[in-house]
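Me: I have a structure to go through with you. Please keep the answers short and reason each one to its end.

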Amino acid sequence: MILLIFLCWQIGKKAMLKGLKPWPWRLRLILTWLCFEFTGFFLGSSFFNLDFNNKEHLLRLALIALASGFGGYLLVKASLDKIPDEVDREIDEIGDR
């Protein structure tokens, strides 16, 4: 949870540097993180046939889910990185005036 809050803060900061509103990107990050986390949890439990009653297996599932959620963050970050910075857009528009 603390990691997700920190990553939301980072995505919001990056979105503001791009000249975008931070809240849609933060919401996109939270939804993508949760979708990837649940998908990783269920795929991990079915692929590795892990038992929910065993604490060691639950720890493994939690790590798989956490890694999958971080993959969701990387996906949102990559899509935000494709957008040019606000400063770059202003520099590109200098010759158009």
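Reply: One definition before we start: accessible areas come from the Shrake-Rupley method with a 1.4 Å probe. Note too that this is a predicted model.

Me: What share of the accessible surface belongs to carbon and sulfur atoms?
Reply: The accessible surface of the protein comes to about 7,000 Å². The part belonging to carbon and sulfur atoms is 67%.

Me: How many helices does the protein have?
Reply: Along the sequence, the pattern reads α-α-α-α. There are 0 strands, and the helix count is 4.

Me: Does α2 have an end-to-end distance that agrees or disagrees with its expected span, and what is that distance?
Reply: α2 holds 26 residues. The expected span is 1.5 Å times one less than the number of residues, so α2 should span 38 Å. The agreeing distance between its end C-alpha atoms is 37 Å.

Me: Which residue with positive phi follows α2?
Reply: The phi in question is near 50°. The residue is N49.

Me: Which helices are included in what covers the buried residues of α2?
Reply: The buried residues of α2 include W25, L29 and W33, along with G40 and G44. Their cover includes α1 and α3.

Me: Which helix gives the largest share of the largest nonpolar core?
Reply: This core has 11 residues: L4, L7, C8, I11, A15, W25, L29, W33, Y73, V76 and L80. α1, α2 and α3 each supply at least two of them. The largest share is 5 residues, and it comes from α1.

Me: Which residues does W33 contact, leaving aside neighbours within four places in sequence?
Reply: W33 belongs to the largest nonpolar core and is one of the buried residues of α2. Its contacts beyond those neighbours are L3, L4, L7, L66, G69, F70 and Y73.

Me: Is L3 buried, exposed or partly exposed?
Reply: L3 sits in helix α1. Buried means under 20% relative accessible area, and exposed means over 50%. L3 has 36%, so it is partly exposed.

Me: Which helix supplies the largest share of the nonpolar surface patch?
Reply: The patch is formed by L3, F6, W9, L59, L63, L66, F70 and L74, with about 760 Å² of accessible area together. Both α1 (2-17) and α3 (55-81) supply at least two of its residues. The largest share, 5 residues, comes from α3.

Me: What share of contacts between residues at least 6 apart joins residues at least 24 apart?
Reply: Buried residues make up 27% of the 97 residues in the protein. Among contacts between residues at least 6 apart in sequence, the share joining residues at least 24 apart is 63%.

Key
Residues are numbered from 1 along each chain as its sequence is written. This is a predicted model: local features need pLDDT of at least 70, side-chain atom pairs count only at pLDDT 80 or more; totals for chains, interfaces and linings use all residues. Side-chain values use heavy atoms; hydrogens and water are left out. Patches are made of residues with over 30% relative accessible area and no salt bridge: like charges are joined within 9 Å, nonpolar side chains (Val, Leu, Ile, Met, Phe, Trp, Tyr) within 5 Å. A salt bridge is a side-chain nitrogen of Lys or Arg within 4 Å of a carboxyl oxygen of Asp or Glu. Buried means under 20% relative accessible area, exposed over 50%, partly exposed in between (1.4 Å probe, protein chains only). A nonpolar core is a set of buried Ala, Val, Leu, Ile, Met, Phe, Trp, Tyr and Cys residues joined through side-chain atoms within 4.5 Å. Contact means heavy atoms within 4.5 Å.
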